Amino acid sequence: METTARARYLHQSASKINRVLQLVRGHDVNKALNILHFSPTKASDFVEQTLRSAIANMMNAPEAKEVDIDNLYIKSAYVDGGPTFK
């Protein structure tokens, strides 16, 4: 089973967020949360908040009654450039 979470309109460059995503892409959720929590960058706060939102979305899904958090992992994570200020 998959779930998604999106963080939109963040005031951070896509390249800085992508550096943080490369650290956690493919890891299990517990290890990724540890990495993000102790990372000193502003982008790690955005990614951690989005990851926690994805976990909550998974736990609140009606077909996810038997989901164990220890078995979850990050399948894909990506960032796109958003709107810019003039």
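User: Exposed means over 50% relative accessible area, and buried means under 20%. In this predicted model, which residues are exposed on the other side of H1?

Analyst: The model is a predicted one. In H1, Ile-17, Val-20, Leu-21 and Val-24 are buried. Their directions, viewed down the axis of H1, lie within an arc of 105°, so these buried residues line one face of the helix. On the other side of H1, the exposed residues are Arg-19 and Gln-22.

User: Which helices do the buried residues of H1 pack against?

Analyst: The chain holds three helices and zero strands. In order from the N terminus, its elements run α-α-α. The buried residues of H1 pack against H2, which covers 29-37, and H3.

User: At roughly what angle do the axes of H1 and H3 cross?

Analyst: Helix H1 comprises residues 14-24 and helix H3 comprises residues 42-60. Their axes come within 9 Å of each other. The crossing is right-handed, and its angle is roughly 65°.

User: How many nonpolar residues are in the contact of H1 with H3?

Analyst: The axes of H1 and H3 come within 9 Å. On the H1 side, the contact is made by Lys-16, Ile-17, Val-20 and Leu-21, and on the H3 side by Ala-43, Ser-44 and Val-47. Sorted by class, one of these residues is charged and one is polar, while the number of nonpolar residues is five.

User: Which residue just after H1 takes a positive phi, and which residue has a positive phi although it is not a glycine?

Analyst: Just after H1, a positive phi of about 95° belongs to Gly-26. The other residue is placed in the segment before H1 and is exposed, with a relative accessible area of 60%. It has a positive phi of about 60° although it is not a glycine. In order, the two names are Gly-26 and Tyr-9.

User: How far does H3 reach from its first C-alpha to its last?

Analyst: H3 has 19 residues. At 1.5 Å a residue, the expected value is 27 Å. The reach in the model is close to that expectation, at 28 Å.

User: Is Glu-48 buried or exposed?

Analyst: Glu-48 lies in helix H3. Leaving out residues up to four places away in sequence, it touches Leu-33, Leu-36 and His-37. Its relative accessible area is 11%. The cut-off for a buried residue is under 20%, so Glu-48 is buried.

User: Which helices do the buried residues of H3 pack against?

Analyst: The buried residues of H3 include Phe-46, Val-47, Glu-48, Leu-51 and Ile-55. Ala-43 and Ser-44 are also among them, and both take part in the contact with H1. The helices that the buried residues of H3 pack against are H1 and H2.

User: How far apart in space are Lys-42 and Asn-57, C-alpha to C-alpha?

Analyst: Lys-42 is found in helix H3 and is partly exposed, with a relative accessible area of 46%. When residues up to four places away in sequence are not counted, Lys-42 touches His-11 and Gln-12. Lys-42 and Asn-57 are 15 residues apart in sequence, and in space their separation is 23 Å.

User: What distance separates the C-alpha atoms of Val-67 and Met-1?

Analyst: Val-67 has its place in the segment after H3 and is partly exposed, with a relative accessible area of 24%. Apart from neighbours within four places in sequence, Val-67 is in contact with Met-58, Met-59 and Leu-72. Val-67 and Met-1 are 66 residues apart along the chain, and their C-alpha atoms are separated by 9.2 Å.

User: What distance separates the C-alpha atoms of Lys-75 and Thr-4?

Analyst: Lys-75 lies in the segment after H3. With a relative accessible area of 57%, Lys-75 is exposed. Along the chain, Lys-75 and Thr-4 are 71 residues apart, and the separation of their C-alpha atoms is 10 Å.

User: What percentage of the residues of the chain count as buried?

Analyst: Along its principal axes, the C-alpha trace spans about 45 × 25 × 15 Å. Among contacts between residues at least 6 apart in sequence, 67% join residues at least 24 apart. The chain has 86 residues, and the share that counts as buried is 29%.

Methods:
Residues numbered from 1 in each chain as written. Predicted model: local features only at pLDDT ≥ 70, side-chain atom pairs only at ≥ 80, totals over all residues. Heavy atoms only, no water. Axes fitted to C-alpha atoms, helices over the stretch in contact; angles between N-to-C directions. Helix = DSSP H or I, 4+ residues; strand = E, 2+ residues; numbered from the N terminus. Left-handed = near helix turned anticlockwise from the far one by under 90°. Contact = heavy atoms within 4.5 Å. Nonpolar A, V, L, I, M, F, W, Y, C, P; charged D, E, K, R; others polar. Buried < 20%, exposed > 50% of the residue type's maximum accessible area, 1.4 Å probe, protein only. Arc of directions from axis to C-beta. Expected span 1.5 Å × (residues − 1).
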